[in-house]
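This briefing looks at a metal site and at the ligand beside it. Please have the sequence and the 3D view open while reading.

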Amino acid sequence: MERLGEARARTLELIKPLDDGQLNRVYSPILSPLAWDLGHIANFEELWLVQTIGGREPLHGELGRLYDAIENPRKTRGELPILRDAELRAYLADVRERTLEVLEEVDLSSGAEDPLLREGFVYEMLLAHELQHNETMLQLLQLVAGYENEGLTLGPSAVEAPGSEMIKINGGEHEIGAPARGFAYDNERARHAVELKSFEIDRTPVTNGAYIQFMEETGAEPPQYWERDGGGWALTTMAGRDPVIPAHPVLHVSWHQADAFAHWADKRLPDEQEWEAAHGDLQGVGQAWEWTSSDFLPYPGFEPFPYREYSEVFFGDTYKVLRGGSWATHRSVMRPSFRNWDLPERRQIFAGIRCARDAG
Ligand code: AVJ
Ligand code: FE
């Protein structure tokens, strides 16, 4: 119960500086209004814990349909008759109260028969879901002019000892994916062996400074939220205009930009198997999500759980996999086998670059 409480405290802390108008406002067609994320967090919890596990009736009848992420693309979410203002806050609290009630009744031990309950799966899923939506909310908050929050660290920290050093990883068999026990999403299983050729991978993420050099030499587009500022560049998020800091990892680049950077550097993006095989030796993981060359595809033996819409409907060549995590990712969500995915043109996510190359 304690960790769910902490996640909720973080959710509420994120929106503390905002008024209802800001929660309801549509800032971008590719990002939900914050009120949708909040209602969706509560509704997901109600659906999986209160209704499915607890067998209770929903608090608001058919409301859940409005919070179905597949049925309602982001650009439509501002016009939906979702809960707002005091009603929204009450819904979050009411669902949580019922959740705590249901949690008192269930067996979340490793011996539980229902796979939703076994090893606390549903608890871990709700927790991860809320924390992942905190990151989505932070993406939106980049657009809220004047947003400040003393309770949270906002933004990346400098890359330690940036440079061109690469680590060599020997080819051969490497184990990929989440072990059979413990919480993981369906797309991280089954754990399986892959055969990799020897390769090299950057020890540190690509910095703003290196990206600026790439832009100057090739005329490439800047990352999202960058604007010209005299001879240099400024970052225009939240609090206003801040100079781009060369030692910070580059953020808000598309897959195409990441791929072009890698080629300019005479390198390539790692595939996700290489990333996972190398992760123990990498520095700066958890500052910026790292684009990989991989399409989001199922592992051998994939089984959708607990619902097809978490992963399965996204498999194919439409989405690219990102690995690691960003400064906005809660540490309990990060693990070596975690697979994030997004469209290759997207730049609103906190995504950066780490390059690889075949070992010569
Ligand atoms: C893993 C970030 C691609 O936000 O679409 C949230 C996570 N799934 N609610 C997304 C997710 C259901 C997902 N990503
Ligand atoms: Fe969700």
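Along the chain, the donors of the iron ion (ligand 2) are spaced as H-x88-H-x3-H. The model is a predicted one, and the points below take up the iron site and then the surroundings of ligand 1.

**The iron site**
- The iron ion (ligand 2) has as its protein donors the NE2 atoms of H40, H129 and H133, which lie 2.1 to 2.2 Å from the ion.
- Because the angles subtended by the four donor atoms around the iron ion (ligand 2) run from 91 to 166°, the arrangement is irregular, given that four donors count as tetrahedral if all angles lie between 85 and 135 degrees.

**Two histidines of helix α5**
- H129 and H133 are four residues apart in helix α5 (residues 121-141), so about one helical turn separates them.
- H129 counts as buried because its relative accessibility is 7%, and H133, with a relative accessible area of 13%, is buried as well.

**The surroundings of ligand 1**
- The residues around ligand 1 are H129, Q132, H133, Y310, N340 and W341, and the protein covers 77% of the 350 Å² of accessible area that ligand 1 has on its own.
- The elements giving two or more residues to this shell are α5 and β10 (340-342), with α5 supplying the largest share, three residues.
- By character, the shell around ligand 1 comprises four polar residues, two nonpolar ones and no charged ones.
- An N or O atom in the side chain of H129 is 3.1 Å from a nitrogen atom of ligand 1, while for the side chain of H133 the corresponding distance to a nitrogen atom of ligand 1 is 3.2 Å.

Definitions and conventions. Residues numbered from 1 in each chain as written. Chains lettered and ligands numbered in written order. Predicted model: local features only at pLDDT ≥ 70, side-chain atom pairs only at ≥ 80, totals over all residues. Heavy atoms only, no water. Donors = N, O, S within 2.8 Å, 3.2 Å for Na, K, Ca; no water. Tetrahedral: all angles 85-135°; square planar, octahedral: opposite > 155°, others 65-115°. Buried < 20%, exposed > 50% of the residue type's maximum accessible area, 1.4 Å probe, protein only. Near = heavy atom within 4 Å. Polar contact = N/O pair within 3.5 Å; in protein donor to acceptor, adjacent residues only side chain to side chain. Areas by Shrake-Rupley, 256 points an atom, 1.4 Å probe, with all protein chains shown as cover. Nonpolar A, V, L, I, M, F, W, Y, C, P; charged D, E, K, R; others polar.
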